[in-house]
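Welcome! Here is a short guided tour of a protein model, written for someone who is new to reading structures. Have a look at the picture, then follow the points below.

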Amino acid sequence: MGIIAWILIGLLAGLIAKALMPGKDPGGIIITMLIGIAGGLLGGWLGKVIFGVDSIDGFFEISTWIAAIVGSLILLAVYRAVTGNRRHA
């Protein structure tokens with residue numbers, strides 16, 4: 001897949017992750033998009049390491065989307081845990 005496809009998947013995966021984990025985040029839409037892009041890469045890497053499969057097959061493959069969304073959910077949870085307490089400072 002090309003870089004444009006990765007960015008598109010990441011953007012959409014970040015938005016889906018945000019919808020699945022509603023609540024206030026310290027960052028805005030830009031942070032959500034960046035988390036989505038990084039989450040897509042993380043999900044693909046975890047799929048390869050844990051399950052030994054190439055989870056990033058193509059733009060329209062369900063395994064690609066699941067890996068990207070799961071990676072985005074993981075990163076969003078970590079981001080909230082790390083930055084969540086800074087709002088009260």
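What span should the 22 residues of α3 have at 1.5 Å a residue, and how far apart are its end C-alpha atoms? The expected span is 32 Å and the end C-alpha atoms are 31 Å apart, so the two values agree. Keep in mind that you are looking at a predicted model. The protein has 3 helices and 0 strands, and along the sequence they follow the pattern α-α-α.

**The whole protein**

- The protein has 89 residues, and 34% of them are buried.
- About 5,400 Å² of the protein is exposed, with 74% of that area supplied by carbon and sulfur atoms.
- Take the contacts between residues at least 6 apart in sequence: 71% of them join residues at least 24 apart.

**Helix α2 and its glycines**

- You can repeat the length check on helix α2, which covers residues 29-51. At 1.5 Å a residue, its 23 residues should span 33 Å, and its end C-alpha atoms are 31 Å apart, so this agrees too.
- Which residues of α2 are buried? They are T32, I35, G36, G39, G40, G43, G44 and G47.
- As you trace that list with a finger, a general point may help: an α-helix has 3.6 residues a turn, so residues three or four places apart point the same way.
- G44 sits in helix α2 and has a relative accessible area of 8%; buried means under 20%, so G44 is buried.
- G44 and S63 are 19 residues apart in sequence, and their C-alpha atoms are 9.0 Å apart in space.
- Just after α2 comes G52, which takes a positive phi of about 70 degrees.

**The nonpolar core**

- The largest nonpolar core is made up of 5 residues: I9, A13, W65, A68 and I69.
- Two elements give two or more residues to this core, namely α1 (3-20) and α3 (62-83). The largest share, 3 residues, comes from α3.
- I69, one of the core residues, is in contact with A13, I16, A17 and L20, leaving aside its neighbours within four places in sequence.
- As a general rule, nonpolar side chains in soluble globular proteins tend to be buried together.

**Helix α3 and its residue S72**

- The buried residues of α3 include W65, A68 and I69, and also T64, S72, R80 and T83.
- Is S72 buried or exposed? At 0% relative accessibility, S72 is under the 20% cut-off and therefore counts as buried.
- S72 belongs to helix α3. Not counting residues up to four places away in sequence, S72 touches A13, G14, A17, I35, G36, G39 and G40.
- Some of those partners are also buried residues of α2: I35, G36, G39 and G40.
- Along the chain, S72 and G10 are 62 residues apart, yet their C-alpha atoms are separated by 8.1 Å.

**Partly exposed residues M21 and A77**

- M21 lies in the loop between α1 and α2. Its relative accessibility is 21%, and partly exposed runs from 20% to 50%, so M21 counts as partly exposed.
- Which residues does M21 touch, not counting those up to four places away in sequence? Its partners are L73, L76, A77 and R80.
- M21 and L73 are 52 residues apart in sequence, with 7.7 Å between their C-alpha atoms.
- A77 is part of helix α3 and is partly exposed, with a relative accessible area of 34%.
- A77 and A17 are 60 residues apart in sequence and 9.6 Å apart in space, C-alpha to C-alpha.

**A nonpolar patch on the surface**

- Nonpolar residues are found on the surface as well: L12, L15, I16, L20, I29, I30, I31 and L34 form a patch there. Together they have about 700 Å² of accessible area.
- The elements that give two or more residues to this patch are α1 and α2.
- I31, one of the patch residues, has its place in helix α2. I31 is partly exposed, with a relative accessible area of 30%.

Key: Residues are numbered from 1 along each chain as its sequence is written. This is a predicted model: local features need pLDDT of at least 70, side-chain atom pairs count only at pLDDT 80 or more; totals for chains, interfaces and linings use all residues. Side-chain values use heavy atoms; hydrogens and water are left out. Helices (H or I, at least four residues) and strands (E, at least two) are DSSP runs, numbered from the N terminus. Buried means under 20% relative accessible area, exposed over 50%, partly exposed in between (1.4 Å probe, protein chains only). Contact means heavy atoms within 4.5 Å. Accessible areas come from the Shrake-Rupley method with a 1.4 Å probe; for residues, only the protein chains shown count as cover. The expected span of a helix is 1.5 Å times one less than its number of residues. A nonpolar core is a set of buried Ala, Val, Leu, Ile, Met, Phe, Trp, Tyr and Cys residues joined through side-chain atoms within 4.5 Å. Patches are made of residues with over 30% relative accessible area and no salt bridge: like charges are joined within 9 Å, nonpolar side chains (Val, Leu, Ile, Met, Phe, Trp, Tyr) within 5 Å. A salt bridge is a side-chain nitrogen of Lys or Arg within 4 Å of a carboxyl oxygen of Asp or Glu.
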